[in-house]
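Work through the exercises below with the sequence and the model open. Try each task before reading its solution.

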Amino acid sequence: MEKIAVIAQLLFVPLLACTPGPDPVPDGPEEATSPTSPAKVVLIAADDEYRSEESMPMLAALLKRDHGIEPVLLFSQSKDGRVAPSRMDHIPGLEALEDADLLVLFTRWRDLPVDQMAKIVAYVERGGPVVGFRTATHAFKFSADHPYADWNETKIAALVGQRWIVHHGHFSDGEAPLTRVTTSENATSPILNGVETPFDAYSWLYHVTGGGDALAPESTPLLTGETLRSRQLQGGRGDRYPPVQPVAWTKTNPFSPTGVEPGRVFFTTLGHPYDFKLPAVRRLSVQGVLWALGREAEIPAEGVRTDVVVPYAPTNSGAGGEQTGRSPAQMRSAAGL
């Protein structure tokens, strides 16, 4: 009987070897089959006061190291391809927005030619999510006859929540904090996970609400700032420009097409280069990006990592005070990208 069993097994093995298996997975590029391709985040660093050309590469390095994000950094550039924050009319590379998953906007009074601005508008009008910092309330400054002149105030306010109005003033810039930041009442967003408040920011407070002004509809404040020194209060204008203001909020992209899920928008009026020395501001920024991408489930209760990839020692703010002569590649390399 044992010999019969052994013979039966030997006969059965070839049958198993001939039994068809599942269809093989066809060969092809990894990105065609991967469900978790890296998110493409385009960061536009183009302001001439708050050193976005230094803070945004630092943020991009954190996003790449810890969150598998593919950052694309764009800068205002001179004719010879150097980073030139004071040049208002040239940001090459904006075609990267065509397939971007998120736009990070940190610009100030850019006067872009029609073909460049059209690429930003096309991204916004397809409903893309946006993260904005500080001077993005006055991201553009076009002449009255420019085709995109309505982006000076009306449309930028609709997108990010408010236009530029006024601030409470800066005093001995960078020598001491000027705004005390606390968590807004009833704010529960995962963007705030691990963001310990109160903390003192170097950004002087922007006016966005009160005295007849209001955030765009459906904006949800997350953080509130109280000015520590104010030229508005010194001048007796506290009723018109109250000393307590939202400094971070969420909303949605109002230009999203009908039938398309509106892109998420996170905005903060913080953004002084020294603010990004604070772990709370770095965490807020990274988590704002993750939330805008719809990846809030990845934000731990204690918050994301905030240790920088390379030491961050920014130049102080001040219009025209940027370092000069550096290429985009040098800016990326200096940030550890």
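The exercises go from the whole chain to single residues.

The model is predicted, so local features need pLDDT of at least 70 and side-chain atom pairs count only at pLDDT 80 or more, while totals for chains, interfaces and linings use all residues. Residues are numbered from 1 along each chain as its sequence is written, and side-chain values use heavy atoms, with hydrogens and water left out.

**Exercise 1. Describe the protein as a whole.**

Step 1. Count the elements: there are eight helices and nine strands, where helices (H or I, at least four residues) and strands (E, at least two) are DSSP runs numbered from the N terminus.

Step 2. Take the burial: of the 337 residues, 51% are buried. Buried means under 20% relative accessible area, exposed over 50%, and partly exposed in between, with a 1.4 Å probe and protein chains only.

Step 3. Take the surface: about 15600 Å² is exposed, and carbon and sulfur atoms supply 54% of it. Accessible areas come from the Shrake-Rupley method with a 1.4 Å probe, and for residues only the protein chains shown count as cover.

Step 4. Take the contacts (heavy atoms within 4.5 Å): among those between residues at least 6 apart in sequence, 75% join residues at least 24 apart.

**Exercise 2. Find the enclosed space and state what lines it.**

Step 1. Fix the terms. On a 1 Å grid over the protein atoms alone, a cavity is a set of points where a 1.4 Å probe fits but cannot get out; a pocket is an open set with protein on both sides within 12 Å along at least five of seven lines; lining residues have an atom within 4 Å of a point. Grid points are joined across faces, edges and corners, and a volume is the space filled by probe spheres set on the points.

Step 2. Count: the structure holds one cavity of 30 Å³ or more, and the largest cavity has a volume of about 30 Å³.

Step 3. List the lining: Leu103, Leu105, Ile120, Val124, Phe140, Trp151, Ile156 and Leu159. Strand E3 (102-107), helix H4 (114-125) and helix H5 (154-160) are the elements that give two or more residues to this lining.

Step 4. Sort by class: the lining has eight nonpolar, no polar and no charged residues. Ala, Val, Leu, Ile, Met, Phe, Trp, Tyr, Cys and Pro count as nonpolar, Asp, Glu, Lys and Arg as charged, and the others, Gly among them, as polar.

**Exercise 3. Do the same for the largest pocket.**

Step 1. The largest pocket holds about 190 Å³ of space.

Step 2. Its lining has 13 residues, and Glu54, Pro311, Tyr312, Ala334 and Ala335 lie nearest the centre. Helix H3 (52-67) and helix H8 (328-334) are the elements that give two or more residues, and H3 supplies the largest share, four residues.

Step 3. By class, the lining of the largest pocket has ten nonpolar, no polar and three charged residues.

**Exercise 4. How are the rings of Phe106 and Phe133 arranged, and which parts does the pair tie together?**

Step 1. The structure holds nine aromatic pairs. Rings of Phe, Tyr and Trp (its six-membered ring) pair if their centres lie within 6.5 Å; planes under 30 degrees apart count as stacked, over 60 as edge-to-face and the rest as tilted.

Step 2. The ring centres of Phe106 and Phe133 are 5.8 Å apart and the planes are at 25°, so this pair is stacked.

Step 3. Because Phe106 lies in strand E3 and Phe133 in strand E4 (residues 130-133), the pair ties together parts that are 27 residues apart in sequence.

Step 4. Phe106 is buried at 0% relative accessibility, and Phe133 is buried at 1%.

Step 5. Note also one aromatic cluster, formed by Phe140, Phe142, Trp151 and Phe255.

**Exercise 5. Place Val308 and list what it touches.**

Step 1. Val308 is in the loop between helix H7 (279-292) and H8, and is partly exposed at 24% relative accessible area.

Step 2. Leaving out residues up to four places away in sequence, Val308 touches Met58, Leu62, Arg65 and Arg282.

Step 3. The C-alpha atoms of Val308 and Leu59 are separated by 8.5 Å, with their positions 249 residues apart along the chain.

**Exercise 6. Locate the unusual backbone geometry.**

Step 1. Most residues other than glycine have a negative phi, and most peptide bonds are trans.

Step 2. The peptide bond from Thr197 to Pro198 is cis, with omega near 5°; Pro198 lies in the loop between strand E5 (179-183) and strand E6 (199-201).

Step 3. Arg134, not a glycine, has a positive phi of about 35°. Arg134 lies in the loop between E4 and H5 and is buried, at 0% relative accessible area.

Step 4. Ser172, also not a glycine, has a positive phi of about 45°. Ser172 lies in the loop between H5 and E5 and is partly exposed at 46%.
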